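Trainee: Could you take me slowly through one part of this protein, the nonpolar patch on its surface, and show me how that part sits within the whole?

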Amino acid sequence: GGRPELINIMARAGIAAGVDGIFMETHFDPSIAKSDGANMLPLDRLEKLLINLTTLRSTVNHLQS
């Protein structure tokens, strides 16, 4: 089993630490995914997360310049 509730925290920590990329598995309904459903972010939550990560990246970049 996965811990999809940690996706947001881990992705934000990675961005704050300066990673160049984030890998996430998504599915419109992880409970019916053929594999790795327990690790997936529901697709309807992806846009909000990407907006938050982009905002965080901009802030980190601004602080480093």
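Mentor: Of the 65 residues in the protein, buried ones make up 23%, a share that is computed, like everything else here, from a predicted model. The accessible surface of the whole protein comes to about 4,800 Å², and carbon and sulfur atoms account for 56% of that surface. Against this background we can turn to the patch itself, which is nonpolar, lies on the surface and is formed by Phe28, Ile32 and Leu43; together these residues have about 340 Å² of accessible area.

Let us look more carefully at Phe28, whose place is in the loop between β1, residues 26–27, and β2, residues 41–42. Is Phe28 buried or exposed? Phe28 has a relative accessible area of 64%, and because a residue counts as exposed when that value is over 50%, Phe28 is classed as exposed.

To place the loop in the chain, it helps to follow the order of the elements, which from the N terminus on is α-β-β-α, giving 2 helices and 2 strands in the protein. The C-alpha atoms fill a box of roughly 45 × 20 × 15 Å along the principal axes, and, among contacts between residues at least 6 apart in sequence, 53% join residues that are at least 24 apart. Finally, beside the nonpolar side chains of the patch, you may want to keep the charged ones in mind: the protein has 6 positive and 7 negative side chains, and the centres of these two sets lie 6 Å apart.

Conventions. Residues numbered from 1 in each chain as written. Predicted model: local features only at pLDDT ≥ 70, side-chain atom pairs only at ≥ 80, totals over all residues. Heavy atoms only, no water. Patch = residues over 30% accessible without salt bridge, like charges linked within 9 Å, V, L, I, M, F, W, Y side chains within 5 Å. Areas by Shrake-Rupley, 256 points an atom, 1.4 Å probe, with all protein chains shown as cover. Salt bridge = Lys/Arg side-chain N within 4 Å of Asp/Glu carboxyl O. Helix = DSSP H or I, 4+ residues; strand = E, 2+ residues; numbered from the N terminus. Buried < 20%, exposed > 50% of the residue type's maximum accessible area, 1.4 Å probe, protein only. Contact = heavy atoms within 4.5 Å. Lys, Arg positive; Asp, Glu negative; His and termini not counted. Charge placed at Lys NZ, Arg CZ, Asp CG, Glu CD.
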